[in-house]
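Morning, everyone. I have one structure to go through today, and I will keep it short. Please have the model open while I talk.

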Amino acid sequence: MLELEEALARVLAAVPAPKSESACLSKAAGRVVVQQVCSPIDLPGFDNSAMDGYAVRAADVVSATPSTPVRLRLAGKVAAGEVFAGAVKPGGCVRLFTGSPLPAAADAVVMQEDTRIDSNAPGEVLILTPASPGANVRSRGEDVRHGAILVEAGEVLTIGRLGLLAAAGCARVQVGRQPVVGLVATGSELTEPGQSLAPGRIYDSNRTMLAVLTQHAGAVAKTYRLVADSLAGISRVLAKAVEHCDVVVTSGGVSVGETDYLQRALERIGGEVEFWKVAMKPGRPFVFGRCRGRLLFGLPGNPASARIAFLLLVRPALLRWQGASSLALPTHPGVLAEPLANQGERRHFMRVNVDAQGKIHSAGIQASHVLSSMAAANGLVDVPAHTTLAAGTVVPVLRWET
Ligand code: AMP
Ligand code: MG
């Protein structure tokens, strides 16, 4: 049986190089950048005011105090978006607002609250405090220098990176194409939620979760109808999914029972199984295969197994497909509030809930058919085989989206 790391390495080795396409910023959230972008401009693009106030020459106002104000001649007004035509002469000042370009020869801004207007002399401004050179000035390039790297290839476009690109005037960005992922749930017992439930049947919960997991990995989910356990039926849907999708993710039918047809169906349509079974709990009976250049992931049917196997083995592949450099789930340390025991022979990714203080609690029953503990959990702790982690132990928590 393959170790998880070995299984992941083999999956990633099979992922093709990313194909790139151009996306406009408004549609690019969550997409992966495939080409480094450098800033075509300085940010800020020009020295400008951080305050509503007055542009001054700092040397003119060194002696200013509330009781001995310095009187400056008001030479004009510059709204944000305008530019002052001349330079500020000694003894002069210019009215500015937040974002107004700093006029030539001015080197500081005195904020409005530190000034007074003499109603008898509306053409003058009384300055009540000194200003050192650079005071209240946002200087050109202090945020980003022309030519500096805005985003690196492999980075995901977060809100902050999108804002940065927009501020630099980049309207489009080269991103990795998104794989279309066909989602197929197999099992004769499965019923669509919303339908009435015949005796012995259960509702399909996997496709609902897998569709969101797929989207959160930046890929496009294409959900197929439920498929009963039959070699012909599963082969038919697989053939269709392989034709129309880049990646196919199935659930159910990957175990050793005589109604487990997934591997046989894959072989029947001309695909091959690359490996089967990974040494982890939940998620052991996992199939990775290929068919006509498409990747196929056969997840076990139990909901916790399907979700966890997806997160550990499919999500990284979907991210890599798009060119992402960071593939692991976000991880942070936490402290066990109670012991976590794994008596089994496989490492167990146990569902936990981490509170705001970083204290980790078991999320409930860990069996792989149990959905309530999945709903309660916000992460996983990787507990080695035959190991009890004592309360108080600091362990990494793999966070999942709730
Ligand atoms: P299997 O992997 O087909 O042996 O299924 C293992 C367990 O998962 C069985 O109890 C199935 O009924 C259940 N199961 C399979 N597929 C789904 C699904 N799509 N949604 C919820 N449970 C499922
Ligand atoms: Mg089954």
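I will start with the ligand, then take a few residues one by one, and end with some backbone details.

One caution before that: this is a predicted model.

So, the ligand. Where does ligand 1 sit? It occupies the largest pocket. There are 16 residues around ligand 1, and those that come nearest are E189, D204, S205, G253 and G301.

Three polar approaches to ligand 1 can be listed. E189 places a polar side-chain atom 2.5 Å from an oxygen atom of the ligand. With G253 it is the backbone that takes part: a polar backbone atom there is 2.9 Å from an oxygen atom of ligand 1. N206 comes in with its side chain, where a polar atom lies 3.3 Å from a nitrogen atom of the ligand. As for cover, ligand 1 taken alone exposes 480 Å², and the protein buries 76% of that.

Next, S235. You will find S235 in helix α4, which covers residues 231-244. Is S235 buried or exposed? S235 counts as buried because its relative accessible area is 6%, and the cut-off for buried is under 20%. What does its side chain reach? The side chain of S235 gets to the backbone oxygen of L231, at 2.5 Å. L231 is in the same helix, given that α4 runs over residues 231-244. Beyond its neighbours within four places in sequence, S235 is in contact with A265, R268 and I269.

Now M111, which belongs to strand β7, residues 108-111. M111 has 24% relative accessibility, so it is classed as partly exposed. Which residues does M111 touch, if we skip those up to four places away in sequence? They are M51, D52, G53 and N136. Take G53 from that list: M111 and G53 are 58 residues apart in sequence, yet their C-alpha atoms are 4.1 Å apart in space.

On to the backbone, beginning with cis peptide bonds. L43 and P44 are joined by one, with omega at about -15°. P44 is in the loop between β2 (37-38) and β3 (48-49). Another cis bond runs from K281 to P282, and there omega is near -10°. P282 is also a loop residue, between β19 (280-281) and β20 (287-291).

Last, positive phi values outside glycine. A105 has a phi near 75°. A105 is located in the loop between β6 (92-96) and β7, the strand that holds M111. How accessible is A105? Its relative accessibility is 41%, so A105 counts as partly exposed.

K277 also has a positive phi, about 85°, although it is not a glycine. The loop that contains K277 connects β18 (272-276) and β19. K277 is partly exposed because its relative accessible area is 28%, which falls between the limits of 20% and 50%.

To recap the part you may want to look at again: ligand 1 is in the largest pocket, with E189 at 2.5 Å from one of its oxygen atoms. That is what I have.

Note on methods
Residues are numbered from 1 along each chain as its sequence is written. Chains are lettered from A and ligands numbered from 1 in the order in which they are written. This is a predicted model: local features need pLDDT of at least 70, side-chain atom pairs count only at pLDDT 80 or more; totals for chains, interfaces and linings use all residues. Side-chain values use heavy atoms; hydrogens and water are left out. Helices (H or I, at least four residues) and strands (E, at least two) are DSSP runs, numbered from the N terminus. Buried means under 20% relative accessible area, exposed over 50%, partly exposed in between (1.4 Å probe, protein chains only). A polar contact is a pair of N or O atoms within 3.5 Å; within protein, one must be able to donate a hydrogen and the other to accept it, and residues adjacent in sequence count only if both atoms are side-chain atoms. Contact means heavy atoms within 4.5 Å. A residue is near a molecule or strand if one of its heavy atoms lies within 4 Å of it. Accessible areas come from the Shrake-Rupley method with a 1.4 Å probe; for residues, only the protein chains shown count as cover. On a 1 Å grid over the protein atoms alone, a cavity is a set of points where a 1.4 Å probe fits but cannot get out, and a pocket is an open set with protein on both sides within 12 Å along at least five of seven lines; lining residues have an atom within 4 Å of a point. A molecule sits in a cavity or pocket if more than half of its atoms lie within 2 Å of its grid points.
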